Amino acid sequence: MEAEAEAPPPNLPLPPAFIDFLHDNGLNPSIYASASSLPRYIRLKPGTTSETQIAEIESELGCELEKVDWLPGFFAAPPHIHIAGSVAYKRGKIYGMDVASGAAVMALDVSPGDHVLDLCAAPGAKLCMLLDLLGSSGSLTGVDVARHRLAACRTMLLKYGLGDRCRLFVADGTSFSFLPVREEMDMKTITTNVEECTDALKEWSPKRSWKERKSARRSTNGSASELVRTTAQVELLYYGRHSGMVGRSKRDFFIERGDSDASAFGYDRVLVDAECTHDGSFKHIQKFEHWGWDTLQRRVLNAERSDSVTELQLQLLTNGFKLLKVGGSLIYSTCSLTVAQNEDVLKKFLSMNPAAAELVEIEVAKNWPCKSGQIPKTLRFDPLASQTSGLFIAKITKISQT
């Protein structure tokens, strides 16, 4: 990407090393100049968008909400607005979510009945939006490597009443291998009498038995708990009543399946919002004022760290694509603005899968305030062009078995 014309320096006192990092990646530091005035975006829970309900929320927040015309359900508020203490937030009527992140979810084009995989699910805003789009059919599988972050996702599901069709796995997204539960799959027979099968999953409850708590403590010390797969350390943290899990044996989901199974019975939609350096998020960069700019050097600017991040991104994208069924769609996104973590990763992936993967146009993006990436059909959001945080989005479809 070519650097844009010089502009006044950003309000945030960025250290010289970070400015050099931006220039080295073809980015103009001026993108941060307007970032402090970006709106605070919120998403309203479906069913709470009547004029009366919006007026009530505005009264409580003490500001007017401006409808985001190009993305349904999103509203812009002044940047200083805090929503966490509001009654609307506590009662699960509004979400805090950047509109660019909402665009990544909309680009996936989820339809009711789809089986969806969110391979990097935490902190959970996109997970909830996907479930709202699915409605009363289909299923959603959320995966994250950090247990505490996935536990926060579980809390969100319960708060917003969205967990019925969801299951959450603590797992490494680069090796996660469980497919959605489909009736047409060659699964073991569902146990009709759960009480007669000690291995069958009963209705999920936040209250665990003494035996389960003991097993969890063992797993912390390196032993396997009932819901932990010792070979890959996969933990089933949550499952909803309509997620296809209740009544089935736990062993049914620890079966290794080949690429042909995934191609026929894999996920209809996969979201890979990959781990990145978060340099496109002004709020994230702003935190380094308090954490210390030396922390920025270690977490963002370190060359070894950057190389490991891009390798992780490629592995996540590759595994997400492996779990996608033929004809399905995958979104690869990051909140980095660098070419290395976006176009370069995408190019490498496409070169590895020339016959199976096809980069496709994001049809719903025709009126979005974003720019094209360096690769045609990819999109880039940034504070200057979009009045959002930075985000890269690419959409891939699986045209044949890998």
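Here are three short exercises on strand E7 and on confidence in this predicted model.

Residues are numbered from 1 along each chain as its sequence is written. Local features need pLDDT of at least 70 and side-chain atom pairs 80 or more, totals for chains, interfaces and linings use all residues, and side-chain values use heavy atoms, without hydrogens and water.

**Exercise 1.** Work out which way the residues of E7 point.

*Solution.* Start with the element: E7 is a strand covering residues 166–170, where strands are DSSP E runs of at least two residues and helices H or I runs of at least four, numbered from the N terminus. Next, sort the side chains: Cys166, Leu168 and Val170 point one way, Arg167 and Phe169 the other. In a regular strand the side chains alternate between the two faces of the sheet. Finally, check cover: five of the five residues are buried (under 20% relative accessible area, with exposed over 50% and partly exposed in between; 1.4 Å probe, protein chains only).

**Exercise 2.** Find the strands that pair with E7.

*Solution.* Pairing takes at least two DSSP bridges between two strands. First, E6 (residues 139–144) runs parallel to E7, joined by five bridges; Val143 partners Phe169. Then E9 (residues 234–239) pairs antiparallel with E7 over four bridges, and there Phe169 partners Leu236.

**Exercise 3.** Decide where to read the coordinates with caution.

*Solution.* Begin with the chain average: pLDDT, the predictor's confidence in each residue from 0 to 100, averages 85, and 84% of residues score at least 70. Then look for low stretches: pLDDT stays under 50 over residues 188–197 and over residues 220–231. Where pLDDT is low, the predicted coordinates should not be read in detail.

Conventions: Contact = heavy atoms within 4.5 Å.
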